[in-house]
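Good morning, colleagues. Please turn to the sequence and the model, which I shall now bring up on the screen.

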Amino acid sequence: MAKVESFTLDHTAVKAPYVRLITEEKGPKGDLISNYDLRLVQPNADAIGTAGLHTIEHLLASLLRDRLSGVIDCSPFGCRTGFHLITWGEHSTTEVAQALKSSLQAIADDIQWADVPGTTIESCGNYKDHSLFSAKEWAKKILTEGISDDPFERHVI
């Protein structure tokens, strides 16, 4: 079986919330793709409920693209502690953390239900499983704790 970097990470050593570069890989034509760990809550200590996480996912899909060039995908971890962010090219973890912070601030302060994309039966595979209230509460909690651009030492941006 292929080795997956995320499964070799010592989840007891990290200090969430943080942004971590998981890997940079070059494609056969030289294109660079970067994979980031956007860890919102401490592994094995907390988990974001599915409805709130689902709403955060839909919002980050748009908000991060507005703030960061080259976003390919932002997908939740199955453990419900954060997201993978995949981008073309490279960005510093500070740049990604700033984009994440700004996105979470928008969720906490500005977003209304009408702003959440993909919440209809036609546009979402589980459209009933959303909670903007939960998304806003988690965004506020994460922002209060501060987002670090280092997974092991708290360096809040």
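Which residue in strand 4 is the bridge partner of aspartate 73? It is isoleucine 86. Before going further, I should state that this is a predicted model.

I begin with the sheet. That bridge belongs to the pairing of strand 3 with strand 4, which is antiparallel and comprises five bridges. The hairpin formed by these two strands has five residues between them, and there arginine 80 adopts a positive phi near 65°. At strand 1 and strand 2, eight bridges hold an antiparallel pair. Within that pair, leucine 21 has tyrosine 36 of strand 2 as its bridge partner.

Taken together, the four strands make an open sheet in the order 1-2-4-3, with antiparallel pairing. Strand 1, residues 18-26, and strand 3 occupy the edges; each has a single partner strand, so one side of each lacks a neighbour in the sheet. On average, and ignoring direction, neighbouring strands are turned by 20° against each other. As a general reminder, side chains in a regular strand alternate between the two faces of the sheet.

I turn now to the helices that pack on this sheet. Helix 1 lies across strand 2, strand 3 and strand 4, and it runs at about 165° to strand 3. Helix 2 also packs on the sheet, where it touches strand 1, strand 2 and strand 4, and its direction makes about 125° with that of strand 1.

Two residues illustrate these helices. Is serine 103, in helix 2, buried or exposed? With a relative accessible area of 0%, serine 103 is buried. Leaving aside residues up to four places away in sequence, serine 103 touches Leu60, Leu63, Leu64 and Arg67. Alanine 61, by contrast, lies in helix 1 and is classed as partly exposed, because its relative accessibility of 26% falls between the cut-offs of 20% and 50%. The C-alpha atom of alanine 61 is 8.6 Å from that of valine 71, a residue ten places away along the chain.

Helix 3 deserves a closer look. This helix has 14 residues and spans 20 Å from its first C-alpha to its last, close to the 20 Å expected at 1.5 Å a residue. At its start, a side-chain oxygen of serine 131 comes to within 3.0 Å of the backbone nitrogen of serine 134. After the helix comes glycine 146, with a positive phi near 90°. The buried residues of helix 3 are Leu132, Ser134, Ala135, Lys136, Trp138, Ala139, Ile142 and Leu143. Those buried residues pack against helix 1 and helix 2. It is useful to recall that an α-helix has 3.6 residues a turn, so residues three or four places apart point the same way.

Finally, I come to the nonpolar core. The largest one contains 34 residues, and the members that touch the most others are Leu38, Leu85, Leu104 and Ile107. At least two core residues come from each of strand 2, helix 1, strand 3, strand 4, helix 2 and helix 3. Which element supplies the largest share? It is helix 2, with eight residues.

Isoleucine 107 shows how these parts meet. Not counting residues up to four places away in sequence, isoleucine 107 touches Leu59, Leu60, Leu63, Ala135, Lys136 and Ala139. Of these contacts, Ala135, Lys136 and Ala139 are among the buried residues of helix 3.

Thank you for your attention.

Key: Residues are numbered from 1 along each chain as its sequence is written. This is a predicted model: local features need pLDDT of at least 70, side-chain atom pairs count only at pLDDT 80 or more; totals for chains, interfaces and linings use all residues. Side-chain values use heavy atoms; hydrogens and water are left out. A nonpolar core is a set of buried Ala, Val, Leu, Ile, Met, Phe, Trp, Tyr and Cys residues joined through side-chain atoms within 4.5 Å. Buried means under 20% relative accessible area, exposed over 50%, partly exposed in between (1.4 Å probe, protein chains only). Contact means heavy atoms within 4.5 Å. Two strands pair if DSSP finds at least two bridges between them. Axes are lines fitted to C-alpha atoms, for helices over the stretch in contact, and angles run from 0 to 180 degrees between N-to-C directions. The expected span of a helix is 1.5 Å times one less than its number of residues. A polar contact is a pair of N or O atoms within 3.5 Å; within protein, one must be able to donate a hydrogen and the other to accept it, and residues adjacent in sequence count only if both atoms are side-chain atoms.
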